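Reader: Hey, I've just opened this one and want to talk it through. Can you walk me round it, starting with how strands get matched up?

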Number of protein chains: 2
Amino acid sequence: MSKNISLILMGCGGVGRQLLQHIVSCRSLHAKQGIHLRVVGVSDSKSLLVASDAFTMELPDDFLLEVCRAKSNGASLSTLSGYGEFQVFTNSESTQKIVDVAAFLGKSTGLALVDCSASSDTIPVLTQAVDLDCCVVMANKKPLTSTMEDYDKLVSHPRHIRHESTVGAGLPVIASLNRILSSGDPVHRIIGSLSGTLGYVMSELEGGKLLSQVVHSAKNLGYTEPDPRDDLSGMDVARKALILARLLGQRINLDAIKIESLYPEEMAPSVMSIEDFLGSGLLLLDKNIQERVSKASLDGKVLRYVCVIEDSSCEVGIQELPKDSALGRLRGSDNVLEVYSRCYKDQPLVIQGAGAGNDTTAAGVLADIVDIQDLFR
Amino acid sequence: MSKNISLILMGCGGVGRQLLQHIVSCRSLHAKQGIHLRVVGVSDSKSLLVASDAFTMELPDDFLLEVCRAKSNGASLSTLSGYGEFQVFTNSESTQKIVDVAAFLGKSTGLALVDCSASSDTIPVLTQAVDLDCCVVMANKKPLTSTMEDYDKLVSHPRHIRHESTVGAGLPVIASLNRILSSGDPVHRIIGSLSGTLGYVMSELEGGKLLSQVVHSAKNLGYTEPDPRDDLSGMDVARKALILARLLGQRINLDAIKIESLYPEEMAPSVMSIEDFLGSGLLLLDKNIQERVSKASLDGKVLRYVCVIEDSSCEVGIQELPKDSALGRLRGSDNVLEVYSRCYKDQPLVIQGAGAGNDTTAAGVLADIVDIQDLFR
């Protein structure tokens, strides 16, 4: 007899769809481990589908796979109505419906809300679910990088929340830091390259290539967002840095982080079109970066775009680092994190590997879900 | 109101004593996390001390620190009798007494047996405790590298067992592998340098030093066991490899592992004294290793003493590895593990850091204890 872990998935983008596929393909593995992942609801930005009776029914596997197909074809969840025994709710009704299910299941068998969206809109329902004794598993960085008030609510039951995939995709970063912290080993410094895109860009510059060339190749390789400025702004790295800084106990907001953008304000998306940026703006940035690469190289150093979190500071930007450090040796799109603590004093704990991609991000979410099984009844 | 996590600690050597000190010094940290680690018993190889009423009483902190002082002065636990309200049991009575406490607490509030010994003698009490719904946390490698029958009993409730510190001290190796496996990401290759001593020895050879020189420096630095052959035999690495192989599902025993010893049988401890080995035997090994180092160097490779675990094989010995891989770059006494899976296919997941020392080993045990808190009532 397996233990049921009931879930509502919010967000059916690449990560959410991959998660559903992982859940279905892991059925026999999880049965061997004595658990059954019971998906009772799925939502996108427009609709929520919930099993008609979330206490006794779940969304069947063939339907979950149908959700994946429909969403990857760009259809909305609401087009699936008529498929099986579930109810469809519009966006405006969905928060209340999720809260109803959370109130019902949270105190009885347990329920986890799994947030694979990329939106701040989930914050109200997540905080209400936490109050109702539910668990929360997130790949979405927005809720944890909102106000301290929202953050405090979300982590008010620390054992009920998991968010490995908010930093470094499936890399065991949060799990490892939590282990270190819970053993009373104080972390006094984290330095990491947490953007596959910027990791690739900075390491390619070493060979003498120009920033504009490297950004174009990164875009062609599919490493960047559609508008590469979303990566070059450093904002995504700053959100990850904020999550790590708050985990270490810093009570700061995103605006307290010093963020170095790789482009000036006059090239911001609100001022310059993406075509103009890629066609001409980017070229204007080449010389300065090239000079910085050369200068660093004279000292045996390389440039890396990193987050640095220390006792009471959190910064994101370019740093000159020794060529032979774990960060300096970084190539390709891997993420690297170096953690310094009492136990890892002279030589850091290093965690390195693929830090992006739907497959590994969804695997991190799934590992988090399995990890909260002891909270279900 | 904190949740109690009741513990009996077996083994008061360096790791066990460090654990008791960590537990005492983490009191306020753990109180903030809503948990209280309640030590109800402590044993060494000769005696067991248990709180007179393990249901209502615990061993107080000043007594735990007294245990640390006494044990580090080489005294036996039994010399502490008369200190407070606890009972003393001899070795022959202790298993039954632990089982009694386990039967009592296991099904009510919960109990964890924490094995920081280095002995196979704990296996019977550990397996009985598992049957009684207790948790088991181990730094001791022996129980998990015993027969498959013992292993199967120990892991029969997979959520009730933690053993991070059996491989790589406090490095998050087991926790990370469990996450990968539970997310359905099949691990098809692990290669690691899991001996700080052998990591140091192999990396020092690259500079042209002789094996005998390097082993003597390692001994002087305190990196080796009193008899360095305990490290050079590869047996300790083989035990760690077996634990990893079994975690990946291989049903093998220690004798199925191909182990390369760095000294021949005619220099084994049963044949040659430690003085003769260090004085003359070791010198005879220099030439062969030196030739292997030179040969590897011609191909841009270095020698590393590693464990390699693949689908159905498990080997421990010297391998030629690329200079610029995570393992090839290894210096000093750090451990490194490279994990290849579906998500970490071309570039491995790499975990690196201090893999030995009482402080970090005990921190790993403590993180395991905190991690099982949801199983306590």
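Author: Sure. Two strands pair if DSSP finds at least two bridges between them. Keep in mind that this is a predicted model.

Reader: OK, so take Met10(A): what is its bridge partner in β5(A)?

Author: That's Asp115(A). The strands involved are β1 (residues 3–10) and β5 (residues 112–115) of chain A, which run parallel and share four bridges.

Reader: And what's the strand order in the open sheet of seven strands in chain A?

Author: Reading across, you get β4-β3-β2-β1-β5-β6-β7, with mixed pairing. At the edges are β4 (86–90) and β7 (161–162) of chain A; each has a single partner strand, so one side of each lacks a neighbour in the sheet.

Reader: Switching to the other sheet. Which strands are in the open sheet of twelve?

Author: The order is β9(A)-β11(A)-β10(A)-β8(A)-β12(A)-β13(A)-β13(B)-β12(B)-β8(B)-β10(B)-β11(B)-β9(B), and the pairing is mixed here. The edge strands are β9 (258–259) of chain A and β9 (258–259) of chain B, each with a single partner, so one side of each has no neighbour in the sheet.

Reader: How do β13(A) and β13(B) pair, parallel or antiparallel?

Author: Antiparallel, over three bridges; the chain A strand covers residues 349–354. Within that pairing, Val350(B) is opposite Gln352(A).

Reader: What about β8 and β12 inside chain B, how many bridges there?

Author: Six, in the antiparallel sense, between β8 (residues 187–193) and β12 (residues 334–341) of chain B. Ile191(B), for instance, faces Glu338(B) in β12(B).

Reader: Now symmetry. What rotation puts chain B on chain A?

Author: A rotation of 180° with 0.0 Å of shift along the axis, giving an RMSD of 0.0 Å. The two copies are therefore related as by a two-fold rotation axis. In chain B, Ile351(B) has the C-alpha nearest that axis, at 2.4 Å. Both copies use the same surface, too: 100% of the contact residues of chain B recur in chain A.

Reader: How much area do chain B and chain A bury between them?

Author: About 3500 Å², with 48% of it on carbon and sulfur atoms. Arg159(B), Arg179(B) and Asp374(B) supply 21% of the area that chain B buries against chain A, more than any other three residues. In residue terms, 43 residues of chain B are in contact with 43 of chain A.

Reader: And how many salt bridges between chain B and chain A?

Author: Eight. One involves Arg179(B), which bridges to Asp368(A) with the closest N and O atoms 2.9 Å apart. There are also 16 residue pairs in polar contact between the two chains, both residues at pLDDT 80 or more.

Reader: Which element gives the largest share of the side of chain B that touches chain A?

Author: α14(B), with nine residues. By class, that side of chain B has 18 nonpolar, 14 polar and eleven charged residues.

Reader: Last thing: how many salt bridges over all chains?

Author: The whole structure has 39. Among them is Glu66(A) with Arg69(A), whose closest N and O atoms are 3.0 Å apart.

Reader: Where do Glu66(A) and Arg69(A) sit in helix α3?

Author: They're three residues apart in α3 (residues 61–72) of chain A, so about one helical turn separates Glu66(A) from Arg69(A).

Key. Residues numbered from 1 in each chain as written. Chains lettered and ligands numbered in written order. Predicted model: local features only at pLDDT ≥ 70, side-chain atom pairs only at ≥ 80, totals over all residues. Heavy atoms only, no water. Contact = heavy atoms within 4.5 Å. Buried area = accessible area lost by both parts, 1.4 Å probe. Salt bridge = Lys/Arg side-chain N within 4 Å of Asp/Glu carboxyl O. Polar contact = N/O pair within 3.5 Å; in protein donor to acceptor, adjacent residues only side chain to side chain. Helix = DSSP H or I, 4+ residues; strand = E, 2+ residues; numbered from the N terminus. Nonpolar A, V, L, I, M, F, W, Y, C, P; charged D, E, K, R; others polar. Least-squares fit on C-alpha atoms with pLDDT ≥ 70 in both.
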